[in-house]
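Got the viewer open and a hand free for clicking? Let's take a walk through this model, one selection at a time.

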Amino acid sequence: MARAKKGLTLSDILVTVLISVIFAVIYNLWWGFYEALKPLGLHIEQLSYGMWFIAAVVAYLIIPKMGIALLAEFAAGAGETIAMGKFDIPTFVFALLQGLACEIVFAVFRYKSRHVMVAVLAGLAAAIISLPIDYFYGYMSDVAGWNVLLFVIFRLISGIVLAGIVPYLLVKALDETGVTKLFRPASKEDYDAL
């Protein structure tokens, strides 16, 4: 049975960057949807915020290795700034810390679990880490207390759903096509099926 390489391979990095480029475009397009929700009030737009955490979780679920989530989220954030046509330091900070938050969750599970709850915890961790950054940049400091509570609850729900459950379902659908098996070592069941 062939043994998988523990470290990142060039193909791991290239696939992760490709995933990041796709999500950088999605992130940039998502701004229109996010802004369209703002006039509805009560921070309803925060229910869509988890989309900006998704690259790390998708990349990890496809290539469950150390460093993939951080690389994917940071590269997607960097790509988003390129797509926006401006160098945006907050986007880099958000991407770095969100990727790191996901990476910590995956490390706790020793990069061995692709269970839906691991994806949910990663999405939730990214949502949690984004809140103090928002506060630092002043996005939350001028909001009334009850309004901050709505902001936080909706952001956390979005992290759980859009950055946890949705990536899990997306990668599960890709798994069923067989495409993602190219990026993970074969299991005993795969060899038994031969």
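One term before we start: a residue is called buried when its relative accessible area is under 20%, exposed when that area is over 50%, and partly exposed in between. Keep in mind, too, that what you're looking at is a predicted model.

**Stop one: Lys-181**

Let's try that term out right away. Select Lys-181, in the loop between α6 and α7, with α7 covering 188–193. Is Lys-181 buried, partly exposed or exposed? Its relative accessibility is 48%, so Lys-181 counts as partly exposed. Now add Gly-138 to the selection. The two are 43 residues apart in sequence, and their C-alpha atoms sit 43 Å apart in space.

**Stop two: two helices crossing**

Next, color helix α1 (residues 10–37) and helix α3 (residues 68–84). Two packed helices are described by the angle between their axes and the distance between the axes. Here the axes come within 7 Å and cross at roughly 45°. That angle makes α1 oblique to α3. And what is the handedness of the crossing? α1 goes past α3 in a right-handed crossing.

While α1 is still lit up, click on Asn-28, which belongs to this helix. With a relative accessibility of 24%, Asn-28 counts as partly exposed. Draw a distance from its C-alpha to that of Leu-96: you should get 17 Å, for a pair that is 68 residues apart along the chain.

**Stop three: an unusual pair of phi angles**

Move on to the loop between α1 and α2, where α2 spans 54–62, and pick Leu-42. Most residues other than glycine have a negative phi, and most peptide bonds are trans. Leu-42 isn't a glycine, yet its phi is positive, at about 55°. His-43 is in the loop between α1 and α2 too, and it also shows a positive phi without being glycine, this time near 60°.

Which of the two is buried, and which is partly exposed? Leu-42 has a relative accessible area of 49%, so it is partly exposed. His-43 has just 15%, so it is buried.

**Stop four: salt bridges**

Time to show side chains. The model has four salt bridges in total, and we'll visit some of them.

Start with Glu-35 and Lys-38, whose closest N and O atoms are 3.4 Å apart. Both partners are partly exposed: Glu-35 has 37% relative accessibility and Lys-38 has 38%.

Then jump to Arg-114 and Asp-175, a salt bridge with its closest N and O atoms at 2.7 Å. Arg-114 is in the loop between α4 (89–108) and α5, while Asp-175 is in helix α6, so this pair ties together parts that are 61 residues apart in sequence. At 27% relative accessibility, Arg-114 is another partly exposed residue.

Now for Arg-155 and Asp-134, which meet in a salt bridge at 2.4 Å, N to O. This one links distant parts of the chain, with Arg-155 in helix α6 and Asp-134 in helix α5, 21 residues apart. Turn on the surface and hunt for them: are they buried or exposed? Arg-155 is buried, with a relative accessible area of 0%. Asp-134 is buried as well, at 2%.

**Stop five: Pro-132**

Stay in helix α5 (residues 116–136) and select Pro-132. Pro-132 has 49% relative accessibility and therefore counts as partly exposed. Add Trp-52 and check the distance between the C-alpha atoms: they are separated by 16 Å, with their positions 80 residues apart along the chain.

**Last stop: a nonpolar patch**

Keep the surface on and select Leu-47, Leu-149, Ile-153, Ile-157, Val-161, Ile-165, Val-166 and Leu-169. Together these make a nonpolar surface patch of about 610 Å².

To finish, zoom in on one member of the patch, Val-166. Where does Val-166 lie? You'll find it in helix α6 (residues 145–177). Its relative accessible area is 32%, so Val-166 is partly exposed.

How values were computed: Residues are numbered from 1 along each chain as its sequence is written. This is a predicted model: local features need pLDDT of at least 70, side-chain atom pairs count only at pLDDT 80 or more; totals for chains, interfaces and linings use all residues. Side-chain values use heavy atoms; hydrogens and water are left out. Patches are made of residues with over 30% relative accessible area and no salt bridge: like charges are joined within 9 Å, nonpolar side chains (Val, Leu, Ile, Met, Phe, Trp, Tyr) within 5 Å. Accessible areas come from the Shrake-Rupley method with a 1.4 Å probe; for residues, only the protein chains shown count as cover. A salt bridge is a side-chain nitrogen of Lys or Arg within 4 Å of a carboxyl oxygen of Asp or Glu. Helices (H or I, at least four residues) and strands (E, at least two) are DSSP runs, numbered from the N terminus. Buried means under 20% relative accessible area, exposed over 50%, partly exposed in between (1.4 Å probe, protein chains only). Axes are lines fitted to C-alpha atoms, for helices over the stretch in contact, and angles run from 0 to 180 degrees between N-to-C directions. Angles under 35 degrees count as roughly parallel, over 145 as roughly antiparallel, 65 to 115 as roughly perpendicular and the rest as oblique. A crossing is left-handed if the near helix is turned anticlockwise from the far one by less than a right angle, and right-handed if clockwise.
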